[in-house]
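Thanks for making time this morning. I would like to walk through one model with you, beginning with the ligand site and ending with some aromatic contacts.

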Amino acid sequence: MFHKILIANRGEIAVRIIRACKELGILSVAVYSEADRDSMHARLADESVCIGPAASAKSYLNIAALMAAAELTDAEAIHPGFGFLAENAEFADIVIESGLVWIGPTPESMRIMGDKVTAKKKMEIAGVPLVPGSDGAVETIEEAKAVVKKSGFPIIIKASAGGGGRGMKIVHSEASLANAFSMCKTEAGAAFGDETVFIEKFLEEPRHIEVQVLGDTHGNLIHLFERECSMQRNNQKVLEEAPSPYLDSETREKICAAGLAAARAVNYVGAGTIEFLMNSDKSFYFMEMNTRIQVEHPVTEWITGVDLIEWQIRVAAGDKLDFTQDNIKIKGHAIECRINAEHPFKFTPSPGTVELYHAPGGRSVRVDSHLYTGYKIPPHYDSMIGKIITHARDRKKCIRRMQRAMDELVILGVTTNQELHQRLLANPGFQKADFNIHFLEKWLRQMRL
Ligand code: ADP
């Protein structure tokens, strides 16, 4: 096992990884920007190193500074968390070339899955169902028109190198096709340095369901069932749960098998997620694979009992999975609410000093956060300041538990989305599990919030 790990991240996920290191008896090195000097992750780690000014480009994305920090502290491995450099294959290459261990999949699997056109080609060969659309990249407007002739409107034009909900354009009619196509190409070039775009049929009311997988370097690969992530705003997840209340056991078996086939096709090692869109007739399509740990991993940990961060580290150290697919059973239901420092209905960010913080507690409530009373939330980074996760025997009880946890939560001094969660948890459509990816936005519009 490793002696010391450097965590190339900040905030709640850095804290989560430090906690796993401590439980494994591994020393941890935190890196922090000048804006994060007083951050929880810098305090909790065994050592911490300043890697630059507040701007991410000069600190958390600064590969030279990160490598220098690893060298300085004698770290043997690097855990990238999520966001920042977590899906950057070049960073993984540099880590490995420097003789350190990359806690994640091989750079090769990252490269294949990071390019959506390449990934879809690979998935097609592996027999994983794809959203109907273009056969690979679409280069000219004539080609785009030919694709639409077959699929019909609406369509979605996507940047092959896109991510994080960016680089996509929905087109409803022929009139706006040419313009949207050239704009998407130009924007993709500017944002991702790659003008390649492709076209998919835009599914009108799908659910977002994703499969968690875990593989080791000895050829073992298992799935840890699915997560339901349809509660989104601006393609950003707000609340996630596991298992999906929408799936029957037959569909669950099929989608988990598809997730495994996708991961196997790229010889996946470590923790990864295959995202699918599912229609109301329960047909589902591969959307993309995230080659890293995800924000919503705790709901899976709770229903399966598997510590995903611990296993990311152990697998990177060469350990064999000490359980098989048959050992993994779904136990109860788990829900995660993302707590953001932003206005609950206008979504404007609200950085500033936390005057008072009181976390919920009690039976089957987990809080993953870097908050403390007096902490100054910097304006430079993501607005997520924590996650509350609850578990119970069934979904109904789990919702109740989340409602009481949400009522216990006190964050004063900054505005948070606590009230959004409180209203959402009380919403009959949510409670009946009758929703798709547009539910939250539609509801916000109806309430004129
Ligand atoms: P990113 O890599 O930027 O996250 P994704 O391909 O995962 O992009 O898509 C993000 C979100 O966009 C999905 O969760 C879904 O809400 C929506 N989306 C993507 N493709 C489609 C599609 N073909 N039809 C309908 N919605 C889609």
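Before I place the ligand, a word on domains: the bounds I quote come from an automatic or database domain assignment. Please also keep in mind that this is a predicted model. With those bounds, domain 2 (132–201) and domain 3 (207–447) both give residues to the shell around the ligand, so the ligand lies between them.

That shell holds 21 residues, and the closest are Lys-116, Lys-158, Gly-165, Leu-203 and Glu-288. Sorted by class, eight are nonpolar, six polar and seven charged. As for secondary structure, at least two shell residues each come from strand 6 (155–159), strand 8 (197–201), strand 12 (270–278) and strand 13 (284–290).

Turning to polar contacts, an N or O atom in the side chain of Lys-158 sits 2.8 Å from a nitrogen atom of the ligand, while on the backbone side an N or O atom of Lys-201 is 3.0 Å from a ligand nitrogen, and a polar backbone atom of Leu-203 is 2.9 Å from a ligand nitrogen. On its own the ligand has 560 Å² of accessible area, and the protein covers 95% of that.

Now to the aromatic residues, where the whole structure contains eight pairs. In one of them, Trp-311 and Phe-323 have ring centres 5.4 Å apart and planes at 85°, so the pair is edge-to-face. Trp-311 belongs to helix 11 (residues 308–316), whereas Phe-323, twelve residues away, is in the loop between helix 11 and strand 14 (333–340); both residues are buried. Elsewhere, ring pairs join Tyr-60, Phe-84 and Tyr-381 into a cluster.

Conventions. Residues are numbered from 1 along each chain as its sequence is written. This is a predicted model: local features need pLDDT of at least 70, side-chain atom pairs count only at pLDDT 80 or more; totals for chains, interfaces and linings use all residues. Side-chain values use heavy atoms; hydrogens and water are left out. A residue is near a molecule or strand if one of its heavy atoms lies within 4 Å of it. A polar contact is a pair of N or O atoms within 3.5 Å; within protein, one must be able to donate a hydrogen and the other to accept it, and residues adjacent in sequence count only if both atoms are side-chain atoms. Accessible areas come from the Shrake-Rupley method with a 1.4 Å probe; for residues, only the protein chains shown count as cover. Helices (H or I, at least four residues) and strands (E, at least two) are DSSP runs, numbered from the N terminus. Ala, Val, Leu, Ile, Met, Phe, Trp, Tyr, Cys and Pro count as nonpolar, Asp, Glu, Lys and Arg as charged, and the others, Gly among them, as polar. Rings of Phe, Tyr and Trp (its six-membered ring) pair if their centres lie within 6.5 Å; planes under 30 degrees apart count as stacked, over 60 as edge-to-face and the rest as tilted. Buried means under 20% relative accessible area, exposed over 50%, partly exposed in between (1.4 Å probe, protein chains only).
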